[in-house]
Each structure stands twice: as structure tokens, then as C-alpha cells.
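Hi,

Here is the structure I promised to pass on. Have a look at it first, and then read on for what I found in it.

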Amino acid sequence: MKWMLSLRASVKTTQSAVYPTGYMENSISYSAIEDVQLLSWENAPKYCLQLTIPGGTVLLQAANSYLRDQWFHSLQWKKKIYKYKKVLSNPSRWEVVLKEIRTLVDMALTSPLQDDSIHQAPLEIVSKLLSENNNLTTQDHESIIVAIAPLLENNHPPPDLCEFFCKHCRERPRSMVVIEVFTPVVQRILKHNMDFGKCPRLRLFTQEYILALNELNAGMEVVKKFIHSMHGPTGQCPHPRVLPNLVAVCLAAIYSCYEEFINSRDNSPSLKEIRNGCQQQCDRKPNLPLRLLHTSPDLVSQEATLTESRLKPVIVTSNEIHVEVEHNNKANQKMTANVGNDSEPNLIDCLMVSPTCSTMSIELSAQADRILGCYVEILKMLSDYDDWRPALASLLQPIPFPKEALAHEKFTKELKYVIQRFAEDPRQEVHSCLLSVRAGKDGWFQLYSPGGVACDDDGELFASMVHILMGSCYKTKKFLLSLAENKLGPCMLLALRGNQTMVEILCLMLEYNIIDNNDTQLQIISTLESTDVGKRMYEQLCDRQRELKELQRKGGPTRLTLPSKSTDADLARLLSSGSFGNLENLSLAFTNVTSACAEHLIKLPSLKQLNLWSTQFGDAGLRLLSEHLTMLQVLNLCETPVTDAGLLALSSMKSLCSLNMNSTKLSADTYEDLKAKLPNLKEVDVRYTEAW
């Protein structure tokens, strides 16, 4: 690019005694400047620079000394940059080139100018030099990298330079340059980069650097130390961009392992479709038979006539991929019933194999297998940090992996550790990410539950996930209904084996009348009575049912107010002392009750008015009330810790006429949504909220 000067100047030529002043009529290119000097003789004009050009000199006068110095250093910098561009564009002897590169770096480091281009311009010159000279020796590579290392401490390498670094990581992973020079560069990228989408080669360089660390003698131990250095020694990582950038690198690396298989099938859905919930139609048919969404009519009719419990395995081979599929009759009958259905499948239906497949193995190349093992191990490391786990769970909630990975037994088996860590975390923002992002779309809970493609145990992980979700705010009819519709068999099997969580699930299904079929109810009762823990919990359920009948028996007061400072236990004792079938108005204002009391409140059949003013009643309790007390007319939530997450559940309580949300965390959007969905709502108090 040709840079020009067009400034107010005095021009002095050797051919004329006339010294014109003012603005120059013709611009001067930087390449034409032979010398730049500060005027220092006596009686010289103030704040002037003297430029020597072919045929004369030019005096530039600035308004002050600071501006003059800026001009001076800028012109000196530009003049030298042109010189180095010219010298390095036609290299002859590499020892001379290396010396010039070092001089260029020193000039950039000692320049008083404060601008990003001061350090970036030398990097771009070196990047162009390397891209145009591919016959350099390994020693030349390392010498150049060491020479420009000081510039990389505060600057991202240009794209071409990133490719050069990637090549060095692949060819010489054990070089000391990788550890000593590349480590601070990658650390800076992970801490400060904001978007790998705009800088994909920075991501690729980071990916190759981590793989180079894995090639060292200590292998994953070196990688683990690097991850720990990125997190820091404290319990909270001080750099918010590190985790998202590391996850982005891991996802891209894992995707690259399956890229050959993805590209080999012309009609395969894209990764974006998978991330968006696999919204492709069932009639998409790939050229290769690795994706078994539909069975041909001939095969269906043939399988339907078979009486054997299992067919011979179907073996499909494509390049480096080997797939073995076993069908069973029950699954085939389900598939037969679904043939011709145009509804959109869920995520499991969009995998390389349909839910009717019971076994599958994919063989990756040795290199892809090493990459996969390295980056899945990094995901495991990330899940071990408590402060990173909520963000990691959120990043992995809309399942970001390609279907080929989810159908790969080795991948899902290794990733199981991460899902287990989510299932063990008591924080709701972590374990709630096990569920899908919206209804009708599968999440990790579905994939790792019995019958899911990723399930490789007898339901231990499934039981852990159910346990943590039931202990949180998912003890609702909606969650139990989904289990009854999709996972009743596994729940009964695990309960039969004495799993306490599953026994509790079956008891709740009976208590909340989730199961309508009498035969199924009797089967659940038989399952409960088959184990000691089940028998004990079923007896407790029967006792609660008898107490409930007594509680709901007509009689008792119509209005009831608990004393201040009463607790959940006090409310439970009071409601178990007699009949409250006539109770219509209950005030718990200024008591210490929490969401736990909702399990007792939902047993009051005639309750129409509920006052929870200044209590610790939260979102979990609201969700439970909204499913059972649909006839509630007046609800006071003033000064309670409820948020939008719980208040949105009130939209199902169509009988509400009066709602007090004063001094809560209500947002304006949620308020508008409630007004639209509650037609009978006449009195609303939203003072001291965002919606006020």
C-alpha cells in the first residue's frame, strides 16, 4: 500500500531560491523519504522536522513538541518498515535474513509508539516470508520462532504464522520451542480470544499445541498441568474466556475425528441441524447404510414374520468404519408401526443407528483415536473443577457433538464420566442441564438412560440422574409423567433390584395417580412388595393415603392462620391432627415455611386462598402448587424469593383472580406472559419489581 504525506509544510529545493509555504500541492510517498531529522540549529523554526527527498528537503511544522515527536517516530518507523519489507522479500542468505528479523523485532520492541500495528506489522512481514519459502530447514524454523517470540507475548500471531506454528507442532512436537515459546502464546489466546469463528487458525494452532503436549513422555500429565495453569491455583478461575475457548477447541477436535465419515455421506444432516435438535425429516435417506432411520418395507415384512428373538447381525463396512447392528423383534414391531409416519424424530432417531439397534462399534484411524482420547480427557478435566462445571454443563446442554460421535461406543463410554459429574453436582444449574433444552428434544438424560444409545450399564447412571433431579425442583407431575411414558420398565427393574430412588419414583407415581391402567398399578405394587425397602416405602404410602383421606374428609375450619415463626414441621403436624376438607383460606404469612411445605399444601382439596407473604417459599414449591392446586383463586407471594422460573408455572392456574408479586424478582416479560395466560386475573400487585 502506498502511503502519502499531505501536511502543512515548507519546501526547500536546491534548484530554486524560493521557499513556498502552506499545504503541499503534491503528496510525498513514504518510500521517497531518504532521511528524517529534528531541526536543532539555532534560530531554527519551532517544532519542525526536516525530510530529505530526491531533489530537495521538506520542513514539517507541528503545533507542539509532543506532536512533532509523534511525527518523527512515526516517519522513522514507516521508513524502516519499507526497508525491511524490501530486504526480506528477496532473501538470499538465511543467516542475513535471521539477523534482519532480530533487528526488526528489536526496533518494534524499542519504539516509543503505542499502537497495535507496531508489533503486528513485523509479524505480518515474517508471516509472508515463511509462506513464500517452504524449503526452510527445521533449524531455520526454530531460529525464526525464537527471534519473533518477544513480539508474541502481547500479540496474536497472524493466520499464516499460525499455520507455520501448526506445522511445527505436528512435525516436531517434542521440540523445546513448543514448551518455551508456544506455551505463553496459547495461554494468551485462551485468555483473551473472544471469537474463534473469526480466527479459526488460532483455534487450530491451540488444538495442535495441545496434541503436541500429549506427545511428550508424560503425555496427559503435561496436558493436565497446562489445564491447571489456565485455571489457576485458586478455587475460582480469574479468566472468564478460558473455559469457553477450551470447550470450543475440544468440540472442533472431536468433530474432526469423525469428519471423514460425515463428509462421506452426501445427504447427511449438518452439525448445525444436530445442534438445533435434529430437525430433519424422516425421509432423508443417505447413500451409505450407516444411518438407519427407516427400514425398507421388504425388510419390515420379512422381519415381522420371524419368530426368533434375534436376527443375525447385519455388518456394514465403509472405508475405515465398521458397524455391527443387532435387531430384536420388539424394536422391529415398533419400527414397523412407525413406517409412513411423517413426524419429526427426536435426537436418538437422528443417530447413525435407530433406537432399535442394540450394539454398535466404530473403528477410527490411529491418529483420530489419539485425538479423540486426548480431547475427551480434557473434557473430563474441565468437569473436575467446581467453578467451571456450571458453565461446562450449559455449553454441553444443547448436545454439540455430531451423531457419529454419539453413536460411537468408545466416545460415549469416555464421556460418561463428565455426565456422571453433572449428575453428582447438587447445584440446580448443573444437573438441570442433563435434561433437554425444550420439550420433544432429547438430552443427556435420554441418551444415557436404559434404551438410549449411550447407555452401557444396568441403569446406575440413570438412577443417579433421576435421584439428583428428584431431589431438586423436578418432583412434579410433568417429570413423573415423562418417566411413566418412556422409562417405566427400567424404573421397575431398578426398583426390583432394590434401588431406593426408583422405589420412591414408583411410590410417587401411585400417590399422584400418574398410572391409570389398573394392571400396571398392580404390577408396580408387586414390584414394590418384592424388596424390603419397597415394602417399607409402600406401607408408608398406604399410611399417607389413609391420613390424606382423613385430612380431606369434610369438616374442620374454613380459615386458618399459623403463628409467625412456624416451620414446615409445624404445618405438617397441624395438618395431620384432624380433618381439613373445608379449609378454603390458609395464611402462612411471616412464618418460616419453605418450598418443602408444598407437599402438604397440595393435599388440601378446597383451598382457594393462600397467603405466603414474607416466607421462604420458592420456585420449586410454586411448580408443585401449579400442578395440583389448579382451583386456587387468591395467592400472595409478596416478599418471597420466587423468580421468573417459578412464576411462569402459575400460567396453568386459570382460576387465579388475585395475585400479589410485590417485592419479588418478577421481570416485565414474565408479567406480560402471565397477564396473557390468566384470563380471570383481576387484581395484581407488582410494586417494587421490574414490571412496576
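Let me start with the contacts across the whole chain: of those between residues at least 6 apart in sequence, 66% join residues at least 24 apart. Please keep in mind that this is a predicted model. The protein chain has 30 helices and 15 strands, and buried residues account for 49% of its 692 residues.

Going from the N terminus, I'd look at the β6-β7 hairpin before anything else. Strand β6 (residues 48-53) pairs with β7 in the antiparallel sense, over 6 bridges. One pair to find on screen is Leu51, whose bridge partner in β7 is Val58. The hairpin leaves 2 residues between the strands, and Gly55 in the turn has a positive phi of about 95°. Strand β7 (residues 56-61) is mostly covered, with 5 of its 6 residues buried.

Then come two helix pairs. As a reminder, two packed helices are described by the angle between their axes and the distance between the axes.

For helix α1 (residues 65-89) and helix α2 (residues 94-110), the packing angle is about 160° and the axes are 11 Å apart. With anything over 145 degrees counting as roughly antiparallel, α1 is therefore roughly antiparallel to α2. The crossing of α1 past α2 is left-handed. On the α1 side, the contact uses Trp77, Lys80, Ile81, Tyr84, Val87 and Leu88, while α2 brings in Val97, Glu100, Ile101, Thr103, Leu104, Met107 and Ala108. Sorted by class, the contact of α1 with α2 has 10 nonpolar, 1 polar and 2 charged residues.

Helix α2 also holds Arg102. Is Arg102 buried or partly exposed? Its relative accessible area is 44%, so Arg102 counts as partly exposed. Arg102 and Ala147 are 45 residues apart in sequence, and their C-alpha atoms are 5.7 Å apart in space.

The other helix pair is α3 (residues 116-131) with α4 (residues 138-152): their axes come within 10 Å and cross at roughly 155°. Those two helices are therefore roughly antiparallel to each other as well. Here too the crossing is left-handed, with α3 passing α4. His119, Pro122, Leu123, Val126 and Leu130 make the contact from α3, and Ile144, Ile148, Leu151 and Leu152 make it from α4. By class, the contact of α3 with α4 has 8 nonpolar residues, 1 polar and no charged ones.

Next, a loop residue that I'd suggest you click on: Asn193, between α6 (176-192) and α7 (200-214). What is its relative accessible area? The value is 4%, so Asn193 is buried. Leaving aside its neighbours within four places in sequence, Asn193 is in contact with His156, Arg188, Cys199, Leu202, Arg241 and Asn245.

Further along the chain there is an open sheet of 6 strands, in the order β10-β11-β12-β13-β14-β15, with parallel pairing. Its edge strands, which each pair on one side only, are β10 (559-561) and β15 (683-685). From one strand to the next, the twist averages 5°. At the β10 edge, the pairing with strand β11 (residues 585-587) is in the parallel sense and runs over 3 bridges. To place that pairing, use Arg559, which has Asn585 in β11 as its bridge partner.

Last one: Ile602, in the loop between α27 (598-601) and β12 (609-611). Ile602 has 14% relative accessibility, and the cut-off for buried is under 20%, so Ile602 counts as buried. Which residues does Ile602 touch, not counting those up to four places away in sequence? They are Tyr512, Leu624, Leu625, His628 and Leu629. For Leu624, which is 22 residues from Ile602 along the chain, the C-alpha separation is 7.7 Å.

If you want a short viewing order, I'd take the hairpin of β6 and β7, then the α1-α2 contact and the α3-α4 contact, and finish on the parallel sheet with Ile602 in the loop before β12.

Shout if anything is unclear.

Cheers

Terms used: Residues are numbered from 1 along each chain as its sequence is written. This is a predicted model: local features need pLDDT of at least 70, side-chain atom pairs count only at pLDDT 80 or more; totals for chains, interfaces and linings use all residues. Side-chain values use heavy atoms; hydrogens and water are left out. Helices (H or I, at least four residues) and strands (E, at least two) are DSSP runs, numbered from the N terminus. Buried means under 20% relative accessible area, exposed over 50%, partly exposed in between (1.4 Å probe, protein chains only). Contact means heavy atoms within 4.5 Å. Axes are lines fitted to C-alpha atoms, for helices over the stretch in contact, and angles run from 0 to 180 degrees between N-to-C directions. Angles under 35 degrees count as roughly parallel, over 145 as roughly antiparallel, 65 to 115 as roughly perpendicular and the rest as oblique. A crossing is left-handed if the near helix is turned anticlockwise from the far one by less than a right angle, and right-handed if clockwise. Ala, Val, Leu, Ile, Met, Phe, Trp, Tyr, Cys and Pro count as nonpolar, Asp, Glu, Lys and Arg as charged, and the others, Gly among them, as polar. Two strands pair if DSSP finds at least two bridges between them.
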